[in-house]
Amino acid sequence: MDLDLRKLRYFAAVAEHGHFGRAAERLHIAQPVLSRQIRALERELGCELLERTTRSVRLTPAGEQLYADAPGVLATAVAATRRAYGAARGSRRLVVGFAPGLTVSPAVRAFTQEHPQVEVELLHLQWFEQAEALRDGRADVGYLRRPFDPAGLRTLRVGSEPKVVCLPAAHPLAARRRVRYADLDGIPVIEATDRRVTTIEEKLELVAAGRGCAMVPRSVARYYSRPDIVHRTIGDAGEYEICLAVAEENRRPHLADFVAVAARTLPGRRR
């Protein structure tokens with residue numbers, strides 16, 4: 001039976017922390033999503049991996065064995081896929097991944113001027129696969145927005161951006177230029193992990209339909225702007241950190257040059 005490596009990584013996190021909540025926080029996913037993934041893994045294997053209580057979890061004998069084997073399985077799989085992707089690309093190709101709403105083209109243009117012999121490919125990343133695409137080798141470098149699981153990655157902060165709330169254009173708060181969290185009390189917040197939506201487009205469709213509000217980075221709201229939705233800055237909210245990231249073991253030719261070019265050319269509010 002072939003193991004789902006994402007579910008295996010989720011299981012390893014739960015086993016390490018002994019708690020679904022702490023593991024979900026580390027993985028930057030919702031706890032119900034994590035629980036469903038572990039249950040699905042147990043069904044696929046035909047055995048229970050965890051003994052669950054209201055406060056913690058313990059490994060069953062089968063879980064202990066899988067946890068002992070997991071690091072080797074994951075490392076082997078990641079190394080194999082990275083070698084395969086690298087061989088397919090050759091030494092003169094780089095794949096640049098970028099998160100929703102972020103624009104990486106200024107760095108690509110500047111890098112191409114300095115390294116015209118290197119072919120740059122672009123890979124749009126969904127919020128739930130930002131870091132995973134770097135770890136498994138699909139992308140060589142990522143232009144990402146936190147939060148994401150930083151395990152196995154080297155990151156370089158290049159900027160930040162405000163958090164905004166997206167509201168239906170007819171909502172009473174749409175008349176304001178800025179809002180505070182207190183103003184949003186009582187308005188359902190649409191979270192991708194809670195409502196089982198996986199794309200920004202799905203989330204904004206729910207906002208336009210009057211199902212609630214959505215809190216997103218300002219660049220996302222601007223990139224996906226539409227006439228039936230407005231976005232307003234949340235005055236007492238923190239900001240999203242924007243960074244460049246590469247896998248710690250990735251030493252592909254020209255990768256360091258691209259990171260250097262991107263760090264000085266990509267837009268962002270630098271501190």
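**View 1. The buried residues of helix H2 in the predicted model.** In helix H2, which spans residues 20–27 (helices being DSSP runs of H or I with at least four residues, strands runs of E with at least two, both numbered from the N terminus), the buried residues are Phe 20, Gly 21, Ala 23, Ala 24 and Leu 27, where buried means under 20% relative accessible area, exposed over 50%, and partly exposed in between, with a 1.4 Å probe and protein chains only. These residues lie on the same side of H2, because they cover an arc of only 165° around the axis, taken from the directions from the helix axis to the C-beta atoms. An α-helix has 3.6 residues a turn, so residues three or four places apart point the same way. The model is predicted, so that local features need pLDDT of at least 70 and side-chain atom pairs count only at pLDDT 80 or more, whereas totals for chains, interfaces and linings use all residues. Residues are numbered from 1 along each chain as its sequence is written, and side-chain values use heavy atoms, with hydrogens and water left out.

**View 2. The cover and the end of H2.** The buried residues of H2 are covered by elements including helix H1 (5–17), helix H3 (31–45), strand E1 (50–52) and strand E2 (57–59). Just after H2, His 28 adopts a positive phi of about 60°.

**View 3. The loop that holds Ala 175.** Ala 175 sits in the loop between strand E6 (153–168) and strand E7 (178–179), and is exposed, with a relative accessible area of 74%. Its C-alpha atom is separated by 9.5 Å from that of Val 230, which is 55 residues apart from Ala 175 along the chain.

Key:
Contact = heavy atoms within 4.5 Å.
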